[in-house]
Amino acid sequence: MSLAGVVLAMEALEIPNIKNFDFIDPPDAHAFKEAYETLEALGAIVADKPGLTPIGVEMAALPLEPRISRMVIEARKYGCVEDVATIAAFMSAGRSVFARPKDKEWEADTAHRRFK
């Protein structure tokens, strides 16, 4: 799991000093660095400032991985939320929509043919 999502949620809850939080299995410093860099790149936080940006607050309200929540928020500007939400759902599924179950390869190939 991406630590960025955990950090975003903890920032939204205004938990102080997240890096020193008493995790059962604490992440290493590199993972925290990556999480904060990701959130900064997405506009959810500003380096060296406490709390979330307005976009970060919106991102934290969505039950999505931060990169995907930012996609959905950005889609509003372009009037394509429905399309991006569909893409986000596929990306969040964790399993390829073009999977070929064992012993059902022919059926899968037939179903997938219309998308090629």
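**Reading helices, burial and cores**

Me: I've clicked on Arg 70, which is found in helix α4. What counts as a helix here?

Reply: Helices are DSSP runs of H or I with at least four residues, and strands are runs of E with at least two, all numbered from the N terminus. Before we go on: this is a predicted model, so local features need pLDDT of at least 70 and side-chain atom pairs pLDDT 80 or more, while totals for chains, interfaces and linings use all residues. Residues are numbered from 1 along each chain as its sequence is written, and side-chain values use heavy atoms, leaving out hydrogens and water.

Me: Is Arg 70 buried or exposed?

Reply: Go by relative accessible area: buried is under 20%, exposed is over 50% and partly exposed is in between, using a 1.4 Å probe and protein chains only. Arg 70 comes out at 18%, so this arginine counts as buried.

Me: And what is Arg 70 in contact with, leaving aside its neighbours within four places in sequence?

Reply: A contact needs heavy atoms within 4.5 Å. With those sequence neighbours set aside, Arg 70 has Leu 42, Gly 43, Ile 55 and Met 59 as partners. Now flip to Met 59 and leave out the residues within four places of it: Arg 70 is on its list, along with Leu 8, Leu 42, Ala 44, Pro 66, Ser 69 and Ile 73.

Me: Ser 69 is on that list too. Which helix holds Ser 69?

Reply: Ser 69 belongs to α4 as well. Its relative accessibility is 0%, so Ser 69 is buried. Beyond four places in sequence, Ser 69 touches Met 59, Leu 62 and Leu 64.

Me: What does the side chain of Ser 69 reach?

Reply: The thing to look for is a polar contact: a pair of N or O atoms within 3.5 Å where, within protein, one can donate a hydrogen and the other accept it, with residues adjacent in sequence counting only if both atoms are side-chain atoms. For Ser 69, the side chain reaches the backbone oxygen of Pro 66 at 2.9 Å.

Me: Let's move to α1. How many of its residues are buried?

Reply: In α1, 7 of the 10 residues are buried, so the helix is largely enclosed by the rest of the structure. Here's the roster: Leu 3, Ala 4, Gly 5, Val 7, Leu 8, Met 10 and Glu 11. Their cover includes α2 (29–41), α3 (54–61) and α4 (66–78).

Me: Can you take me through Met 10?

Reply: Sure. Met 10 is in α1, which spans residues 3–12, and its relative accessible area of 8% makes Met 10 buried. Skipping residues up to four places away, Met 10 touches Ile 15, Ile 18, Phe 21 and Phe 23. For a sense of scale, the C-alpha atoms of Met 10 and Lys 102 are 41 Å apart, with these positions 92 residues apart along the chain.

Me: What happens to the backbone just after α1?

Reply: Most residues other than glycine have a negative phi. Just after α1, though, Glu 14 takes a positive phi of about 60°, and Glu 14 is not a glycine. This residue is in the loop between α1 and α2, and at 70% relative accessibility Glu 14 counts as exposed. Have a look at Asp 48 too: its phi is near 65°, again positive in a residue other than glycine. Asp 48 sits in the loop between α2 and α3 and is exposed, at 84%.

Me: Which residues of the largest nonpolar core touch the most other members?

Reply: A nonpolar core is a set of buried Ala, Val, Leu, Ile, Met, Phe, Trp, Tyr and Cys residues joined through side-chain atoms within 4.5 Å. The largest one has 16 residues, and Val 7, Phe 32, Tyr 36, Leu 39 and Met 59 touch the most other members. At least two residues of this core come from each of α1 and α2, and α1 gives the most, with 5. There's also a second, separate core of 5 residues, including Ile 68, Ala 75, Val 84 and Ala 88.

Me: Last stop: where is Ser 92?

Reply: Ser 92 lies in α5, residues 81–92, and is partly exposed at 42%. Beyond four places in sequence, Ser 92 touches Leu 64 and Ile 68. Its C-alpha atom is 16 Å from that of Ala 61, 31 residues away along the chain.
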